[in-house]
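Please open the structure in your viewer and keep the sequence panel beside it. This tour suggests what to select at each stop and then describes what is there.

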Amino acid sequence: MRILRTAEEFQNLEAAWGRMLRRSNYQAPFHTWGWHNTWWKCFGRGQDLYLITGEGVDGQLQIVAPLMRRKRRLRGMPLVEIRFMANHNNPFNFVLHRSDISTSDVLSSVLSCLADNSRDWHLITLRNIPERLLDQGAMTSVATRLGLNHICQQGWSSAYITVEGPFDEYLTNRLGKQRLRGIGQKVRQLSARPEYQLRDYQAPETMPFAVEQAFAVSANSWKKSAGTDMSGAEDMRRFYEEISPGLADSGQVRIWISSLGPTPLALQYNLVSPDTMYLLINDFNEAYRRQSPGTVLLYQVLSQLFREHSVSRFQFSGDLYDYKSHWATGIEKHFTTTLYHRGLYSRVLWFARGTLAPVIQSLQDRLKRVPNDAHKES
């Protein structure tokens, strides 16, 4: 196993990374070298590359752990953290590897490398790992063998829709007659307006315009005031401007934009893998909230996917919200694993997180209950 720390080493990995993915189960756009390279250029400022790679006896790349190293503070304590090269733009994270290697062997190789280089870090935070990929038994066994303390906690619960059977049957089973009646009315009212249009952007030459339309929707959404829209921060704008044409070249992106005349109403930015479509961003123009343009767009996109059957799953990214649960046919749990080595400072952090923090939280919960209990007694 090797640790790649320089931009040159990262650039030289492109061809081998692609060959490895072709022999793996990781076929989504956010697994590619191109995605990580663009992500690093846009979001990597102030952090250090920490890519762990492993080759087989044939000299071919078989494991890539797309990690980075950064300095931060935890409850006022300075520390150095290893984490995935990712943010909320990634639907999920994991160590990439060829399909002929077991998860247990992958974890053993990567964690052994990290343990051997424990002077580089105080804690490791591996966020957003789907339950189907995280072998917690193997993680515990490997961590214990290497003398690493670890904490595993549930994170996101991501909703998904299985795309099978007739669309009408899916709607009736999931939404129920009353909710379906209300949504159907919104769809008919908005789509019946002569100036209403829905466009599905997939071609590379359409990407610059589609992305600008998406920015326009997001800038007028509720996310603008929260500072989480896709158009506000310069690094976020740059990421979508740079990544979208390349994704379109490989057929891995679809951007749906609905509009009333020249005014864009709602957007969906979707990543496409062989069997799954990932809804990365869905926003709507807040000024048209009463017309429910986001719900109408979701209905229309799903209707098209059920007709095409181009994918078998439509995956909502991020955590579970009420509107997602109404449409979902299933929920996938995600987990965050945090690891600490046996050095003094790392052990202090582990104690603060694993022992002290739960005690403090318990005391806070008890104190919150005291006024209610006193009120009951009076």
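## The largest pocket

Begin with the largest pocket of this predicted model, which holds about 1,100 Å³ of space. To find its middle, select Trp222, Lys223, Asn282, Asp283 and Tyr323, which lie nearest the centre of the pocket among the 44 residues that line it. Next, colour the elements that each give two or more residues to this lining, namely helix 6 (167-191), helix 9 (234-249), strand 12 (263-272), strand 13, helix 10 and helix 11 (322-327). Which strand gives the most to the lining of the largest pocket? It is strand 13, with six residues. If you then colour the lining by class, you should find 21 nonpolar, 15 polar and eight charged residues.

From strand 13 (276-284), follow the chain into the loop that leads to helix 10 (293-308), and select Ser292 in that loop. Although Ser292 is not a glycine, its phi is positive, at about 50°.

## One side of helix 2

Now move to helix 2 (residues 14-22) and show the side chains of its buried residues, which are Ala16, Trp17, Met20 and Leu21. Because these residues cover an arc of only 135° around the axis, they are on the same side of helix 2. A general rule helps here: an α-helix has 3.6 residues a turn, so residues three or four places apart point the same way. To see what the buried residues of helix 2 pack against, add helix 1 (7-11), helix 3 (33-43), strand 3 (51-55), strand 4 (61-65) and strand 7 (96-97) to the selection.

## Met68 and its surroundings

The next stop is Met68, which you will find in strand 5 (residues 67-74). Is Met68 buried or exposed? Met68 counts as buried, because its relative accessibility is 2%, which is under the 20% cut-off. Leaving aside neighbours within four places in sequence, Met68 is in contact with several residues that you can select one after another, including Trp39, Trp40, Tyr50, Ile82, Phe84 and Met85. For a longer view across the model, draw a line from the C-alpha of Met68 to that of Val163, two residues that are 95 residues apart in sequence and 36 Å apart in space.

## A positive phi in strand 8

Finish at Asn128, which is found in strand 8 (residues 123-130). Asn128 is a residue other than glycine, yet its phi is positive, near 65°. With a relative accessible area of 8%, Asn128 is also buried.

Note on methods: Residues numbered from 1 in each chain as written. Predicted model: local features only at pLDDT ≥ 70, side-chain atom pairs only at ≥ 80, totals over all residues. Heavy atoms only, no water. Helix = DSSP H or I, 4+ residues; strand = E, 2+ residues; numbered from the N terminus. Buried < 20%, exposed > 50% of the residue type's maximum accessible area, 1.4 Å probe, protein only. Arc of directions from axis to C-beta. Contact = heavy atoms within 4.5 Å. 1 Å grid on protein atoms, 1.4 Å probe; cavity = no way out; pocket = protein on both sides within 12 Å on 5 of 7 lines; lining within 4 Å. Points joined across faces, edges and corners; volume = space filled by probe spheres on them. Nonpolar A, V, L, I, M, F, W, Y, C, P; charged D, E, K, R; others polar.
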